[in-house]
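I am opening these notes for a reader who is new to this structure. I will write down each thing I looked up and what I found.

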Amino acid sequence: MAQKLDIIKGEAPGGGVRAVSNAEAEGAFRTILQWIGEDPDRDGLRETPDRLVRSFREYFAGYDEDPEQVLNKTFSEVEGYDEMIVLRGVTFESHCEHHVAPIIGRVWVGYIPDRRVVGISKLARVVEIFSRRLQIQERLTAQIANAVENALKPRGVAVVVKAAHHCMISRGVHKRGSDLVTSRMLGVFRDQPMTRSEFLSLVNADKTE
């Protein structure tokens, strides 16, 4: 465990994973501070490279976790329950892979079980794992849905993500108040319009609650 705290995972130029030391990462952050015109040795910034290393480890902790392991424990004693299960409005914070700018939003996850269910905290944990990686929202949406599909083999899975992207809020076009909505529908949610509409009504119900 002590060794893990001293390294950060990174991709080697030839592919695969190599270990990057904290000292190397701190050195990179010092270089960036100098590049923007700052003095990394002044009092207010002297510990900033170390703080950034610790912050980035937290921001991107999802690379060290396996969502399939999280969803591995399911329950079959459901008394024949076969109706829709929806976890609404799971908050998340991620970072876009293009500018490493924050993506802040909410996720709705629904599925119709086929004899097996999973604890609702596990669904929230899957959202957390995938969001704590460099992302684009479309991939995040698909990854959450596919993970639930693969683990539970339900009759259908539906995921909706609504998020604000700081790559267009804090930079670029500087447009506040807009959000991006993505969805992935699998199984009965894709094939049956009434089922899909029921799920979407639960997603949009937040507007009036």
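Before I looked for charges over rings I fixed the rule: a charge sits over a ring if NZ of Lys or CZ of Arg is within 6 Å of the ring centre and within 35 degrees of the ring normal. I also note that this is a predicted model.

**Entry: a charge and a ring**

With that rule in hand I turned to Trp 108, and I found the charged end of Lys 162 over its ring, 5.0 Å from the ring centre.

**Entry: the nonpolar cores**

Next I asked which residues have the most contacts inside the largest nonpolar core. This core holds 32 residues, and the ones I was after are Phe 92, Val 107, Val 109, Tyr 111, Leu 123, Ile 144 and Val 159. I then traced the elements that supply two or more residues to this core, and they are the strands β3 (85-96), β4 (102-112) and β6 (156-165), together with the helices α5 (120-131) and α6 (137-152). Of these, α6 gives the most, with six residues. A second core, separate from the largest one, has ten residues, among them Ile 112, Ala 158, Met 185 and Phe 189.

I followed Val 109 on its own, setting aside its neighbours within four places in sequence, and its contacts include Ile 85, Val 86 and Leu 87, then Leu 123 and Val 127, then Ile 144 and Val 148, and also Phe 199.

**Entry: Thr 141**

I wanted to know whether Thr 141 is buried or exposed. Thr 141 lies in helix α6, and because its relative accessibility is 2%, it counts as buried. Its side chain is joined to that of Thr 182 by a polar contact of 2.6 Å. Leaving out residues up to four places away in sequence, I find that Thr 141 touches Val 159, Val 161, Thr 182, Ser 183 and Arg 184.

**Entry: cysteines**

How many disulfides are there? The count comes to zero. I checked Cys 96, which is in no disulfide, and the nearest cysteine sulfur, that of Cys 167, is 4.3 Å away. The rule asks for sulfur atoms within 2.5 Å, so this pair does not qualify. Cys 96 is buried, with a relative accessible area of 5%, and Cys 167 is buried as well, at 19%, where the cut-off for buried is under 20%.

**Entry: aromatic pairs**

My search of the whole structure gave five aromatic pairs, and I looked at two of them in detail. The rings of Phe 29 and Phe 56 have centres 5.1 Å apart and planes at 70°, so I record the pair as edge-to-face. Phe 29 belongs to helix α2 (residues 22-35) and Phe 56 to helix α3 (residues 48-59), so this pair ties together parts that are 27 residues apart in sequence. Phe 29 is buried, with a relative accessible area of 15%, whereas Phe 56 is partly exposed at 30%.

The rings of Phe 56 and Tyr 59 have centres 5.8 Å apart and planes at 50°, so here I record a tilted pair. Both residues lie in helix α3, three residues apart, which is about one turn of the helix. Tyr 59 counts as partly exposed, at 35% relative accessibility. Finally, I note that Phe 29, Phe 56, Tyr 59 and Phe 60 form one aromatic cluster.

Note on methods. Residues are numbered from 1 along each chain as its sequence is written. This is a predicted model: local features need pLDDT of at least 70, side-chain atom pairs count only at pLDDT 80 or more; totals for chains, interfaces and linings use all residues. Side-chain values use heavy atoms; hydrogens and water are left out. A nonpolar core is a set of buried Ala, Val, Leu, Ile, Met, Phe, Trp, Tyr and Cys residues joined through side-chain atoms within 4.5 Å. Buried means under 20% relative accessible area, exposed over 50%, partly exposed in between (1.4 Å probe, protein chains only). Helices (H or I, at least four residues) and strands (E, at least two) are DSSP runs, numbered from the N terminus. Contact means heavy atoms within 4.5 Å. A polar contact is a pair of N or O atoms within 3.5 Å; within protein, one must be able to donate a hydrogen and the other to accept it, and residues adjacent in sequence count only if both atoms are side-chain atoms. Rings of Phe, Tyr and Trp (its six-membered ring) pair if their centres lie within 6.5 Å; planes under 30 degrees apart count as stacked, over 60 as edge-to-face and the rest as tilted.
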